[in-house]
Amino acid sequence: NIHVFAQEKTGIIQGTVRDRNTQELLVGVTVVLEGTDPVIGVATDLNGNYKLAAPVGSYNVRASFIGYE
């Protein structure tokens with residue numbers, strides 16, 4: 001018997017979150033890929049960076065930070 005398993009291709013989405021007006025790096029921002037189930041998301045690091053691994057495809061990236069406008 002031969003068993004063949006399909007490997008799902010994965011891509012990397014990465015970036016940096018900054019304040020639009022001041023360009024200040026934002027730490028602890030929640031970054032998620034909309035429409036993923038289970039939700040794929042991370043929080044930005046001390047330099048405002050994030051890195052997500054996700055199946056190859058098209059996504060809308062949403063960043064949110066409680067108490068920040």
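A contact here means heavy atoms within 4.5 Å. The model is predicted, so to speak of local features pLDDT must be at least 70, side-chain atom pairs count only at pLDDT 80 or more, and totals for chains, interfaces and linings use all residues. Residues are numbered from 1 along each chain as its sequence is written, and side-chain values use heavy atoms, with hydrogens and water left out.

**Exercise 1.** Work out which elements the chain has, and in what order.

Solution. Start with the count: 0 helices and 5 strands (DSSP runs, H or I of at least four residues for helices, E of at least two for strands, numbered from the N terminus). Then read along from the N terminus, and you get β-β-β-β-β.

**Exercise 2.** Find the largest nonpolar core and see which elements feed it.

Solution. A nonpolar core joins buried (under 20% relative accessible area, 1.4 Å probe, protein chains only) Ala, Val, Leu, Ile, Met, Phe, Trp, Tyr and Cys residues through side-chain atoms within 4.5 Å. The largest one has 9 residues, including Val17, Leu33 and Leu52. Strands S2 (30-33) and S4 (49-55) each give two or more, and S4 has the largest share, 3 residues. Now pick Leu33: leaving out residues up to four places away in sequence, its contacts include Ile13, Ile40 and Tyr59.

**Exercise 3.** Track down the salt bridge and say what it ties together.

Solution. Look for a Lys or Arg side-chain nitrogen within 4 Å of an Asp or Glu carboxyl oxygen. Glu34 and Arg62 fit, with the closest N and O atoms 3.3 Å apart. Glu34 sits in the loop between S2 and S3 (40-43) and Arg62 in S5 (residues 61-64), so the pair links parts 28 residues apart in sequence.

Technical notes: Buried < 20%, exposed > 50% of the residue type's maximum accessible area, 1.4 Å probe, protein only.
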